[in-house]
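Let's take a walk through the inside of this protein. Have a look at the sequence and the model first, then read on.

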Amino acid sequence: MSKKHGKQTVVFGKPVGIAATASVVGAKEGQGPLGTSFDIVEDDMMLGQKSWEAAESQLVKKAIDLCVKKSNTALSSFDYIIAGDLLNQNVGSVFGLLEAARPYLGIFGACSAMGEGLALGSMLIDGGFGDNILVAASSHFCTAEKQFRYPLEFGSQSPPTASWTVTGAGAAALSHNGGDVVVTGCTIGKMIDMGVKDASNMGAAMAGAAADTIMTHLQDKNLHPSHYDAIITGDLGYVGSDLLLQLLKKEGIDISQNHKDCGIEIFDKNTQDTQNGGSGCGCCATVFASHFYPHLQSERLSRILFVPTGALMSPLSVQQGKSIPSIAHAVVIERRGI
Amino acid sequence: MKTDKKQYKEMVKKASPKSSTALNCMRAFFVGGVICAFGEVLHNIYEALGASKDHVGAYVAITLIFLAIMLTGIGKYDNITKYAGAGASIPITGFANAMSSPAIEHKKEGFILGVSAKLFTIAGAVIVYGTLSSMVVGLVYFLVQKFSGG
């Protein structure tokens, strides 16, 4: 029987367990509203390394090491590590996972990396191509500023629509048999171009992709939004979330009661000067790992639709006048046996 | 989706908060004014110390550049510009910040391909168009002189 439902959704033959999750964040994230939830808060932005990039790799390494430990599974039992970040050639993941010496699948989906990783990892396990898979995603404020904006010490102002890149890495251990929390299906998103060209307004660029994926998911499975306790987007922030609700409302879908956004959750915009909210691959990866996953474990949540969002752009494509295509993948995560 | 790009553009415009131009102008005016007034203070000090008229300007510029680079190095100048915007980026101190910040940032990539190659990434445009516009002004001045019989 086909596991494909509708246009873009798949439902796994057997739920894929999430045996453990882990998160490592920077000091600013540690001071945020979710500060006490994260596993490790690093006060040193360099993490004892010589470059920002090496520091990001260290975040990945620590998150993976901790996740392996929490899963009570030997690292050698993991069949693949799937990881992604924002840096050119995924060097954040590459150097963070080099020592692990496990089969590696590097992915790029901008800030949607965690969603892409969870979806691909679950498909691999459901397809019988592996029993245990690690998924990780990371970002670092300083590496992102260096690659996408200006040198860190260069003085500039950013508009209120700009987001603050989260320093952090989140990891999840997928398992064919373990865990009370499971992935039961996913909807792989299409690239959506809403014509937004402003790199300081990524929430607006990504809202269209989130709307398209959520709408397609609900249609494919013929569901009402209330089927989920929470529909959680990655890093739309305040502007993007507002636009997402508006876009879906026009389609006759109201998610205003159960929508949450990791970019809004992670910082306190009134005291932390984070403008539109948090962003980056590490944003939804750490918030899922240390906030929503524990809520699913403790039964505060029963079923969520996790929708990491990514803006598929580079400084080069923006300078060349291209608009910012975006993507969002939806992953259905629920308590086993509900 | 039912929303097309044109409609979306309007929605984005409405949903996106704007920076306060009046507040930013006031901050820029205040901080920019303080920097320039400080330059005047330095000017008077150097003059009082007996520097010649030709040299005073250079001494003032050197001092301001030094202070701006020092503040960049200890991670403070970007905070000033974040508050003051053009008030801190237009004076010579802003130019010093634009030169020194990439040098600090790219030291990890070595002195040749890092520091020296990236030194002009932000300031380069200012230098190119500054030179170009001064050439245009010079040309206009030359033509005006020539045809006005001066």
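## Around I304(A)

Skip the neighbours within four places in sequence, and I304(A) is in contact (heavy atoms within 4.5 Å) with Y228(A), A230(A), I232(A), F288(A), F292(A), L296(A), V331(A), V332(A) and I333(A). A second, separate core of 35 residues includes A211(A), I214(A), L244(A) and V12(B). A nonpolar core here is a set of buried Ala, Val, Leu, Ile, Met, Phe, Trp, Tyr and Cys residues joined through side-chain atoms within 4.5 Å.

## How to read the model

This is a predicted model: local features need pLDDT of at least 70, side-chain atom pairs count only at pLDDT 80 or more, and totals for chains, interfaces and linings use all residues. Residues are numbered from 1 along each chain as written, chains are lettered from A in the order written, and side-chain values use heavy atoms, leaving out hydrogens and water.

## Helix α5

Six of the eight residues of helix α5 (141–148) of chain A are buried, so the rest of the structure largely encloses this helix. Buried means under 20% relative accessible area, exposed over 50%, and partly exposed in between (1.4 Å probe, protein chains only). Helices (H or I, at least four residues) and strands (E, at least two) are DSSP runs numbered from the N terminus.

## Cysteines

Disulfides (cysteine sulfur pairs within 2.5 Å) number zero over all chains. C281(A) is buried at 0% relative accessibility, and its sulfur lies 5.0 Å from the closest cysteine sulfur, in C111(A), too far for a bond.
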